[in-house]
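Let us walk through this structure step by step, beginning with one chain as a whole and then turning to details of the other.

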Amino acid sequence: MTTAVNQAMVEKYKGNFLKEVTDNVEEGNWVKMCMQCGVCSGSCPLGPHWDHPPQELFMMIRANKRDEVLSSTSMWMCTSCYNCVARCPRGLPITHIMHGLAHYGKRMGMKPKNQPTEKFGQMFWDNLIKKGRVNELKLGLGLYFKDGFAEGLKVSMGKQKLGMNMMKAKRMSPMEMLGGHGVSDLSGFHAMLKKAEELEAARVGANTDAK
Amino acid sequence: MKIGGYLCTGCGIGDRLDTKSLESVAVREGRIGFCKTHDFLCSQAGVDMIKADMALEGDDQVTKAVIMACSRRAKTESFNFGAVPTARVNLREGVIWIRPEGSEHDETTQEMAADYIRMGCAEVKAMQQADASGEQGKNNHIMVVGGGITGMTAALEASKAGYYASIIEKSDRLGGVMGQLKQRQPEHSPFQNPQDTGVAALIAAVEADDKITVYLSSTIAKTAGAPGRFEVDIASTVGAGTHAEFGAIVQATGFTPYDANNLPEFSYGKSPNVVTQLELEALARAAGDGPIKRADGKVVENVVFVQCAGQRSTKEGHLSYCSGHCCATSIKQAMYFKDTNPDIETTVLFDDIRTPGAGGENFYRSAQDKFVTFRKGKVSTVDVKGNDLQVNFKDLILDEDAHMGADLVVLATGMLPNSGTDIDTMKDKDESGEVKVSVQSILNLNYRQGPDMPQLVNGFTDSHFICFPYETRRTGIYSAGPVRRPMDAAQAQTDAMGAVMKAIQAIENSAIGRAAHPRSGDLSFPSFRKEGCTQCKRCTVECPFGAIDENEKGYPQYNEARCRRCGTCMGACPVQVISFKNYSIETVGAQLKAVDVPDEFQEKPRILVLACENDAYPALDMAAMKRNESSAFIRVIPVRCLGSTNTIWIKDALGSGYDGVVMMGCKKGADYQCHFVKGSEMAHVRMAKIGDTLSTMNLEAERVAVHEVAITDIDRAPKLLDEMVAVINRVGLSPFKF
């Protein structure tokens, strides 16, 4: 399914990736206004750990490097500290563009493999939509065991004291294992999410159909 | 005929100095008529007292005055007595503000004040009242050379101010380069879209103006004379020549586009689809409101702009400087395409985008908003691929080699000034391999120093970027527009207005014999004692402003209105025959000789300081305002420019027992700060040769020091004087004391 959408987008924009980003990425219309000063890259506290700092990502978009941008780990590394937004002389919402790019890359099925931020994001979302509230016990354990059973056991033992303290302080309940609490109108909540999904699919569809 | 001395005791002078004794120094040693004391000399009462003495009749009338008070840079209006030569003795900034209090210092401080009074009295005796030469003329007509937007704007501004203007244009129509453009960069908020060039409206305004005469297809065969009375022969390629007289000249001769044939790597000349910005304007004009087509008729769908083509480059044959307008021009031209069809791919490959001013910045944003793609990359080559082109470049952000196809490539080439020949720099140019633009002389000046204005760097006729933006080194001739420095249309028009205002100022000043800047209002001018002149021509050669010609007998011929009154000629003269009425070898020589030099057993050295009145002297004054302490052994004499320093003063000073000489002038060299361009440099050259004199006198070379001092060197200037005191302490007192 995702590859089909991806294919459709490639077909539609035919090498004008900047236009594709402008049309489809959240706040992507700002990318064209970048003047390549590099202040964002210089301000980013995680900059040295990225494949491509924001300035470079924006230039890659203009250079039509679609696959490299969408499969990049860079935008997943953004911690939303907003340093770049605060400093950008052109007022670009860089943090939002990063999240928009990450989201778009994922939707196009091009997310990087084994990206922990991406994994956690998905886990959080799956956890949340089940009951409308986050089940902390399950989310925590899921996070511990995401890299396999042995690794999970090791992490769990290490965090044992923290878990006990949280339980004592009533911040976490072992009873959550049995399903946990949720929102009062669960079916309404699910209907809402479904509607939102439909709306988004229609919007993306409109983009892909209008060739 | 009487010399009056007026001693002020205000500002603490009376508290720190023994004024009774100073009065007696003035009258007995200075040998002036009388010395009056006033406790507030610059007040109305004080000034009225002086004026009353000057209004007396017969032998009691005061015809020269010595004001012993504050620095000559303070209270200039109060102590301006018109036709009465006045010397200023600096007891405030020069003495009490730089000397520490306390009885142990009183003796040397008092000696300092007494010396300055002796110096002032000696100076005023050697001074004469300066008058206009009587040779000046007044002509309200301004010659504007060049009929582009700069020239037309200049002419219209002159007319608006009530003056007449003549435009001399070598081609057969007005408009210049701007007339070849489709549109120009916007001038007004919100700076989003290209706008009409306005050239047609300018031409109509010029033609409708009865104060403006236009000479088309004309050049200047000869320019003689001086500000206020220029005599010009105008040659015409289509008719008879004309002779006309002008008061001042504005040169707005613009630029020649850099020859893109020097850029074979970009396939210019190999493919008709590689064009310069100016050639694209022609394509855009031909297209009208329709799509822009290449030479072969194909509608352009993919255009690449190559910025800095042959500019900002150290390669041989390239221009080293930025031409300032090309980024905005490419932005404008990309909009020509985008505004007809937003789907046309327009890519600007830039190194740095430079769009000066808020208007330029907003225009750049507007282009980004229209999806003009900007990529930071350095273009290496452009390959011809059949009917199309491939641009090869290095992406400077992604740090990789890249290439892209294009229907049309537009090269942003630079500008070369049409500034005529320059005798000063011609030989340097040959050696450096710089690009030479062959422009025949434009003004054909009948000046001994050459036919055109001297150029500063890269052939531009700038002279002093910071202090005097429109000035050239030929008084009464101003340059405006891209001939002065690279610039865009809006800047050129502002420039034209500025230059015309200066031209009007020159007309008005020269009509009454007053100097142009920086000694604005000065009536003095150099003259020479013919019997002593050896016709060595040094004054003619060294005058930075071309003010001195030679007459048919080989004697210097002064053109007062061209003169800036710096005195560089006076400093140059090996036989000391050149002088101004109120500033001469004598006025300075008399001052330094009036100093009472103590004998060697008193161990009180004397150090002569010659300080440029534009920068060094104000710096010393300001140091005094900060109460920066200085030695009591210095005696400072302001000079108009260090270039006016004649070596005789140094010889006289050393011969009469001074222990050291410190000279302070402005920064010299290519990035000079000297207000008279070459004065400071000439002084350094002359003083480099004074070592021989010192060795024949058996004196140490370090007794003479020349420094570059800026007006901001408030703390450094007094330190330089302390350094000389330390040198004297080390090498010992002069053996020439008696």
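Chain A contains twelve helices and zero strands, and in this predicted model its pattern along the sequence is accordingly written as α-α-α-α-α-α-α-α-α-α-α-α. Taken along the principal axes, the C-alpha atoms of chain A fill a box of roughly 55 × 40 × 30 Å. Of the 211 residues in this chain, 39% count as buried, while the chain exposes about 12000 Å², of which carbon and sulfur atoms supply 59%. If we consider the contacts in chain A between residues at least 6 apart in sequence, we find that 66% of them join residues at least 24 apart.

On the surface of chain A, F120(A), F124(A) and L143(A) make a nonpolar patch of about 230 Å². One of these residues, F120(A), belongs to helix α8, which covers residues 116–131 of chain A. F120(A) counts as partly exposed because its relative accessibility is 33%, a value that falls between the 20% limit for buried and the 50% limit for exposed.

Another helix of chain A leads us across to chain B, since helix α4 (residues 54–62) of chain A lies across β18 (373–385) and β19 (388–395) of chain B, running at about 40° to β18(B). Both strands are part of an open sheet of seven strands in chain B, arranged in the order β15-β21-β16-β17-β18-β19-β20 with mixed pairing. At the edges of this sheet are β15 (274–276) and β20 (400–406) of chain B, each of which pairs on one side only. From one strand to the next, the twist averages 35°.

How many bridges join β15(B) to strand β21 of chain B? There are three, and the two strands, the second of which spans residues 408–411, run parallel; within this pairing, V274(B) has V409(B) in β21(B) as its bridge partner. Helix α9 (residues 326–340) of chain B also packs on the sheet, where it touches β16 (302–306), β17 (345–350), β18 and β21 of chain B, and its direction makes about 175° with that of β16(B).

A further pair of strands in chain B can be followed through its turn. Strand β10 (residues 218–226) and strand β11 (residues 229–236) of chain B pair in the antiparallel sense over eight bridges, and A224(B) stands opposite E231(B) in β11(B). The two strands β10(B) and β11(B) form a hairpin with two residues between them, and G228(B) in the turn has a positive phi of about 90°.

Some details of the backbone in chain B also deserve attention. Most residues other than glycine have a negative phi, and most peptide bonds are trans. In the loop between β16 and α9 of chain B lies C308(B), whose phi is near 55°, a positive value in a residue other than glycine; R312(B) lies in the loop between β16 and α9 of chain B as well, and its phi, near 45°, is also positive. Is C308(B) buried or exposed? C308(B) counts as buried because its relative accessibility is 18%, whereas R312(B), at 26%, counts as partly exposed.

The peptide bond from S189(B) to P190(B) is cis, with omega near 5°, and P190(B) has its place in the loop between β7 (183–184) and β8 (195–196) of chain B. A cis peptide bond also joins H517(B) and P518(B), with omega about -10°, and here P518(B) is found in the loop between α12 (489–511) and β24 (527–528) of chain B.

Conventions:
Residues are numbered from 1 along each chain as its sequence is written. Chains are lettered from A and ligands numbered from 1 in the order in which they are written. This is a predicted model: local features need pLDDT of at least 70, side-chain atom pairs count only at pLDDT 80 or more; totals for chains, interfaces and linings use all residues. Side-chain values use heavy atoms; hydrogens and water are left out. Patches are made of residues with over 30% relative accessible area and no salt bridge: like charges are joined within 9 Å, nonpolar side chains (Val, Leu, Ile, Met, Phe, Trp, Tyr) within 5 Å. Accessible areas come from the Shrake-Rupley method with a 1.4 Å probe; for residues, only the protein chains shown count as cover. A salt bridge is a side-chain nitrogen of Lys or Arg within 4 Å of a carboxyl oxygen of Asp or Glu. Helices (H or I, at least four residues) and strands (E, at least two) are DSSP runs, numbered from the N terminus. Buried means under 20% relative accessible area, exposed over 50%, partly exposed in between (1.4 Å probe, protein chains only). Two strands pair if DSSP finds at least two bridges between them. Axes are lines fitted to C-alpha atoms, for helices over the stretch in contact, and angles run from 0 to 180 degrees between N-to-C directions. Contact means heavy atoms within 4.5 Å.
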